Amino acid sequence: MDKLTVISGCLFLTADIFAIASIANPDWISTGGASVGLVRQCQTIHGRERTCFPPQLPPEWITTLFFIILGIISLTVTCALLVMSHWRREAARYARWIAFTGMVLFCMAALIFPIGFYINEVGGQPYKLPNNTVVGSSYVLFVLSIFFTIVGLLFAGKVCLPG
């Protein structure tokens, strides 16, 4: 296994961990005392303890969650194939294609997610958050997972090599 394959595997693993963390954390959108996520919604009322509950997701966010989960599965399979490529060289070729599929799934999720900003908890319009609302740390982690997936693909495809 060459150095670029190891580097790409580490980048894919990092992207995978960031994507899993982004789903687990309910801070996709912050609206003051409330945080809206894809699997949990939390709120703090008048300084009391934070309470979390499953949200009623719009179809756009269900689709986003589905694409992210498929992307996570793709990156996990990619990491396994890259490890397997140590013994079977042809596994790396399949790993690149599966990682590319994961990247496409993540990008689709990133395009679809802002359409759901119209929900009552957020109060915006598709692709437009209200002034008192910001994207949270979970969304930032998700965007970082896209970035690490793309950079991992560059290393996996040996695009960085001169000549």
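**Charges, sheet and aromatic cluster of a predicted model**

The mean positions of the 10 positive and 7 negative charges of the protein lie 9 Å apart. This value, like every other in the account below, is computed from a predicted model. The accessible surface of the protein amounts to about 8,800 Å², and carbon and sulfur atoms contribute 68% of that area. Of the 163 residues in the protein, 43% are buried. The C-alpha trace spans about 60 × 30 × 25 Å along its principal axes.

The secondary structure consists of four helices and five strands. Followed along the sequence, these elements occur in the pattern α-β-β-β-β-α-α-β-α. Among contacts with a separation of 6 or more, 65% are made by residues 24 or more positions apart.

The five strands form an open sheet with antiparallel pairing, in the order β4-β3-β2-β1-β5. Its edges are β4, at residues 51-53, and β5, at residues 134-135, each of which pairs on one side only. Within this sheet, strand β1 (residues 29-31) and strand β2 (residues 34-36) run antiparallel and are joined by three bridges. One bridge partnership can be named: S30 is matched with S35 in β2.

The helices may be taken in turn, beginning with α1. Helix α1 covers residues 3-24 and includes F12. Is F12 buried or exposed? With a relative accessibility of 1%, F12 counts as buried, because the limit for a buried residue is under 20%. Leaving aside residues up to four places away in sequence, F12 touches L75, T78, C79, L82, A99, T149, G152, L153 and A156. A contrast in space is provided by I62: the C-alpha atoms of F12 and I62 are 24 Å apart, and the two residues are separated by 50 residues in sequence.

One of the contacts of F12 is T78, a residue of helix α2. T78 has a relative accessibility of 0% and therefore counts as buried. Beyond residues up to four places away in sequence, T78 touches F12, A95, I98 and A99. A99 thus appears among the contacts of F12 and also among those of T78.

Aromatic side chains offer a further view of the interior. A pair of aromatic rings is described by the distance of the centres and the angle of the planes. The structure holds 12 aromatic pairs. In the pair formed by W61 and F113, the ring centres are 4.8 Å apart and the planes meet at 20°; the pair is therefore stacked, since planes under 30 degrees apart count as such. What does this pair connect? W61 belongs to helix α2 (residues 59-84), while F113 is in the loop between α3 and β5, so the pair ties together parts that are 52 residues apart in sequence. W61 is buried at 1% relative accessibility, and F113 is likewise buried, with a relative accessible area of 1%.

A second pair has another geometry. The rings of F147 and F148 have centres 5.7 Å apart and planes at 65°, so this pair is edge-to-face. F147 is partly exposed, its relative accessible area being 48%. W61 and F113 also belong to a wider cluster, in which ring pairs link W28, W61, F106, F113, F117, Y139 and F142.

Several residues outside these ring pairs complete the description. L111 is part of helix α3, which comprises residues 91-112. At 52% relative accessibility, L111 counts as exposed, because the threshold is over 50%. L111 and T64 are 47 residues apart along the chain, and their C-alpha atoms are separated by 8.6 Å.

The loop between α3 and β5 also contains Y127. Y127 is not a glycine, although its phi is positive, at about 65°. Its relative accessibility of 51% places Y127 among exposed residues.

Helix α4, formed by residues 137-156, includes L144. L144 is partly exposed, with a relative accessible area of 32%. Between L144 and F155, which are 11 residues apart along the chain, the C-alpha separation is 17 Å.

Technical notes: Residues are numbered from 1 along each chain as its sequence is written. This is a predicted model: local features need pLDDT of at least 70, side-chain atom pairs count only at pLDDT 80 or more; totals for chains, interfaces and linings use all residues. Side-chain values use heavy atoms; hydrogens and water are left out. Helices (H or I, at least four residues) and strands (E, at least two) are DSSP runs, numbered from the N terminus. Buried means under 20% relative accessible area, exposed over 50%, partly exposed in between (1.4 Å probe, protein chains only). Contact means heavy atoms within 4.5 Å. Accessible areas come from the Shrake-Rupley method with a 1.4 Å probe; for residues, only the protein chains shown count as cover. Lys and Arg count as positive and Asp and Glu as negative; His and the chain ends are not counted. The place of a charge is taken as NZ of Lys, CZ of Arg, CG of Asp or CD of Glu. Two strands pair if DSSP finds at least two bridges between them. Rings of Phe, Tyr and Trp (its six-membered ring) pair if their centres lie within 6.5 Å; planes under 30 degrees apart count as stacked, over 60 as edge-to-face and the rest as tilted.
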